[in-house]
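Here is a walk through one protein model, written for someone who likes to check contacts and distances. Keep the viewer open as you read.

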Amino acid sequence: MKILKNENEIIYYKDNFIDIKECNYWISLSKKIPKNIRTQYNYPNNEIWDYRIVKITQSSIVSKVQNFLNKQLNYNLEIDEAEIQNWVDGSISPLHKHIGCSEGVRSKNRFNSLLYLNDNFEGGSFYTKGNINIKPKPGLLTLFDGASIEHGVKQVSNGDRYTIIFWWN
């Protein structure tokens with residue numbers, strides 16, 4: 001694993017954690033959002049969230065990522081939830097943390113991993129308040145403390161951005 005860091009933020013990453021064939025497999029399981037649904041929502045507010053995700057918590061990729069991260073970093077991560085996300089053209093996520101969320105949602109999760117599945121779109125970079133920027137590449141795996149690092153996704157354009165997100169306890 002490699003490390004991106006600044007004064008207050010550390011993000012671990014591994015290039016080519018999975019190959020393009022496996023990336024395409026996970027993309028094939030994602031939801032394809034019809035044009036009539038895409039045009040009915042306000043992108044920054046993620047009003048079609050349930051249309052954009054597929055829960056895969058019990059899938060083989062979870063144990064593959066979990067075993068790798070625990071071995072590499074000597075952690076004891078336990079999965080809470082994993083999902084394939086389709087960040088449709090126009091999607092954006094402002095800076096946020098995963099702590100103190102409404103009604104306790106995500107408040108028990110500390111770490112997050114992202115597994116990027118494609119790069120045939122524009123924008124969509126992961127970024128932090130401390131100016132770490134990650135351009136998605138197929139197979140790139142990350143781990144960061146989502147409870148303390150303010151992070152977001154820059155606006156996606158000219159295509160859809162596919163990721164798998166892992167919520168770890």
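## Buried polar residues in a strand

Asn86 has a relative accessible area of 0%, so this residue is buried. Keep in mind, as you look at Asn86 and everything that follows, that this is a predicted model. Asn86 belongs to strand S4, which covers residues 79-87. What does its side chain reach? The side chain of Asn86 comes to 2.9 Å from the backbone oxygen of Lys31.

Glu83 is also found in strand S4. Is Glu83 buried or exposed? With a relative accessibility of 0%, which is under the 20% cut-off, Glu83 counts as buried. Its side chain has a polar contact, at 3.0 Å, with the side chain of Gln85. Glu83 also has a partner from elsewhere in the chain: its C-alpha atom is 4.2 Å from that of Lys55, although the two positions lie 28 residues apart in chain numbering.

## Salt bridges

Side chains of opposite charge can pair when their charged atoms come close. How many salt bridges does the model hold? The count comes to seven, and three of them are set out here.

| Pair | N to O distance | Separation along the chain |
|---|---|---|
| Glu81 and Lys55 | 2.7 Å | 26 residues |
| Glu83 and Lys55 | 3.7 Å | 28 residues |
| Lys137 and Asp15 | 3.0 Å | 122 residues |

Lys55 appears in two of these rows, with Glu81 and with Glu83. Lys55 sits in strand S3 (residues 53-55), while Glu81 is in strand S4, and their pair links distant parts of the chain. Glu81 has a relative accessible area of 14%, so this residue is buried.

The pair of Lys137 and Asp15 joins two loops: Lys137 is in the one between S9 and S10, and Asp15 is in the one between strand S2 (10-14) and H1. How accessible are the two partners? Lys137 has a relative accessible area of 39% and is therefore partly exposed. Asp15, at 22%, counts as partly exposed too. Through shared partners, salt bridges connect Lys2, Asp15 and Lys137 into one network.

## One face of a helix

Now turn to helix H1, which spans residues 20-28 and has Cys23, Trp26 and Ile27 as its buried residues. Why do they line one face of the helix? Viewed down the axis of H1, the buried residues fall within an arc of 105°, so they share one face. They pack against helix H4 (60-73), S4, strand S6 (111-116) and strand S13 (161-168). The start of H1 has a contact worth a look as well: a side-chain oxygen of Asp19 comes within 3.2 Å of the backbone nitrogen of Lys21.

## The nonpolar cores

The largest nonpolar core has 26 residues, and those touching the most other members are Ile61, Leu69, Leu115, Leu117, Ile164 and Phe166. Two or more residues of this core come from each of H1, H4, S4, S6, strand S10 (141-145) and S13. Which element gives the largest share? That is H4, with six residues.

To see how Ile61 is placed, set aside its neighbours within four places in sequence: Ile61 is then in contact with Ile18, Glu22, Trp26, Ile56, Leu115, Ile164 and Phe166. Among these partners, Trp26 is one of the buried residues of H1, and Leu115, Ile164 and Phe166 are listed with Ile61 among the best-connected core members.

Another core lies apart from the largest one; this second set has twelve residues, including Tyr13, Tyr116, Phe126 and Phe144.

## An open sheet

Finally, look for an open sheet of four strands with antiparallel pairing, in the order S5-S11-S8-S9. Strand S5 (93-96) and strand S9 (133-134) each have a single partner strand, so they stand at the edges with one side left without a neighbour in the sheet. S5 runs antiparallel to strand S11 (residues 151-153), and two bridges join them. Which residue of S11 stands opposite His96? The residue facing His96 is His151.

Key. Residues are numbered from 1 along each chain as its sequence is written. This is a predicted model: local features need pLDDT of at least 70, side-chain atom pairs count only at pLDDT 80 or more; totals for chains, interfaces and linings use all residues. Side-chain values use heavy atoms; hydrogens and water are left out. Buried means under 20% relative accessible area, exposed over 50%, partly exposed in between (1.4 Å probe, protein chains only). A polar contact is a pair of N or O atoms within 3.5 Å; within protein, one must be able to donate a hydrogen and the other to accept it, and residues adjacent in sequence count only if both atoms are side-chain atoms. Two strands pair if DSSP finds at least two bridges between them. The arc is that of the directions from the helix axis to the C-beta atoms. Contact means heavy atoms within 4.5 Å. A nonpolar core is a set of buried Ala, Val, Leu, Ile, Met, Phe, Trp, Tyr and Cys residues joined through side-chain atoms within 4.5 Å. A salt bridge is a side-chain nitrogen of Lys or Arg within 4 Å of a carboxyl oxygen of Asp or Glu.
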